[in-house]
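Open your viewer and get comfortable. We will go from the whole chain down to single side chains, one selection at a time.

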Amino acid sequence: MCNKATRICGLRFSENGGPSANELATLLDVTSKHEPAYTLINTQCYWFVATVFAALKSLFVGAEQDITTHQGGTWNGLPIRTKESLDEVCAKYRAARAALLEEIELKRRVEHQQEDERRREREQCQAAEEAAKRECKKRQAAEDEKQRERKKRQIAEDAAKAAEDAAKVAEDEKERERKKRQVAEERARAAEEVNAKLLRDLEALQRAGATRQAQALSVEP
């Protein structure tokens with residue numbers, strides 16, 4: 001069974017100056033991949049911890065080790081030999097962080113570009129919808145204008161027909177009046193003819209009476 005862990009020393013970082021979880025994970029990954037094979041002499045757990053610890057002090061400005069004298073890196077008081085890898089690990093860490101930041105920036109740019117494209121598509125769709133609405137309103141306005149024109153023409157046609165009907169009624173009335181005058185004139189002429197005939201007959205009767213009277217006078221002794 002393993003003995004209880006003993007704290008050897010620690011690092012203190014200034015406010016907002018320590019590694020983030022992502023940065024610490026990157027350092028651990030880089031260190032592990034730098035020497036992936038475990039060797040008892042140079043690259044064992046002592047090497048891994050010492051390298052990470054030294055890299056943290058080197059990479060993050062303001063890091064302070066709270067205990068400078070300790071028994072870390074020893075076994076039963078004997079120092080454990082480890083490989084010096086600080087410079088190489090720090091260089092690989094910086095390269096890994098640069099690549100990661102570049103990847104993050106590239107991803108951010110891609111996402112930003114995609115968002116811009118989506119925004120442009122939304123704006124284009126919105127512009128197309130607004131154009132379609134305007135076109136629909138124009139068509140509706142044109143249709144309303146046509147409807148108004150049809151109503152105007154219908155009103156004008158109805159007025160013309162009403163005027164035509166009124167003119168026909170007036171013409172019919174004139175025709176009836178003309179026929180009435182013609183009938184009255186014909187009746188007047190017929191009455192005049194009757195009166196003239198009566199006068200002629202009266203005159204004939206008068207002449208006949210006068211003739212008979214004259215004849216009677218001439219016969220008397």
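Here is the tour, stop by stop, through a predicted model.

**Stop 1: the whole chain.** Start with a cartoon view of everything. You should find 3 helices and 4 strands, and from the N terminus on they follow the order β-α-α-β-β-β-α. The radius of gyration is 66 Å, well over the 17 Å that the globule rule gives for 221 residues, so the chain is more spread out than a compact globule. Line the view up with the principal axes and the C-alpha atoms fill a box of roughly 215 × 35 × 25 Å.

Now switch on the surface. The chain exposes about 18,100 Å², and carbon and sulfur atoms supply 56% of that area. Colour by burial next: of the 221 residues, 12% are buried. If you draw contacts with a separation of 6 or more, 79% of them join residues 24 or more positions apart.

**Stop 2: the core.** Which residues make up the largest nonpolar core? Select Leu 11, Leu 27, Val 30, Val 52, Ala 55, Leu 56, Leu 59, Phe 60, Val 89, Cys 90 and Tyr 93, and you have its 11 residues. Colour by element, and α1, α2 and α3 (86–219) turn out to be the ones that give two or more residues to this core. The most comes from α2, with 4 residues.

Centre on one core member, Val 52. Beyond its neighbours within four places in sequence, Val 52 is in contact with Leu 27, Leu 28 and Thr 31.

**Stop 3: a patch on the outside.** Keep the surface on and select Tyr 38, Leu 40 and Ile 41. Together they make a nonpolar surface patch of about 380 Å².

Is Leu 40 buried or exposed? Its relative accessibility is 65%, and exposed means over 50%, so Leu 40 counts as exposed. To find Leu 40, look in the loop between α1 (21–34) and α2 (45–59).

**Stop 4: around Tyr 38.** Tyr 38 is also placed in the loop between α1 and α2. With a relative accessible area of 57%, Tyr 38 is exposed. Show side chains around it: leaving out residues up to four places away in sequence, Tyr 38 touches Thr 43, Gln 44 and Cys 45.

For a last step, draw a distance between the C-alpha atoms of Tyr 38 and Phe 48. These residues are 10 apart along the chain, and the separation is 9.8 Å.

Note on methods: Residues are numbered from 1 along each chain as its sequence is written. This is a predicted model: local features need pLDDT of at least 70, side-chain atom pairs count only at pLDDT 80 or more; totals for chains, interfaces and linings use all residues. Side-chain values use heavy atoms; hydrogens and water are left out. Patches are made of residues with over 30% relative accessible area and no salt bridge: like charges are joined within 9 Å, nonpolar side chains (Val, Leu, Ile, Met, Phe, Trp, Tyr) within 5 Å. Accessible areas come from the Shrake-Rupley method with a 1.4 Å probe; for residues, only the protein chains shown count as cover. A salt bridge is a side-chain nitrogen of Lys or Arg within 4 Å of a carboxyl oxygen of Asp or Glu. Buried means under 20% relative accessible area, exposed over 50%, partly exposed in between (1.4 Å probe, protein chains only). Contact means heavy atoms within 4.5 Å. The radius of gyration is taken over C-alpha atoms; the globule rule is 2.2 Å times the number of residues to the power 0.38. A nonpolar core is a set of buried Ala, Val, Leu, Ile, Met, Phe, Trp, Tyr and Cys residues joined through side-chain atoms within 4.5 Å.
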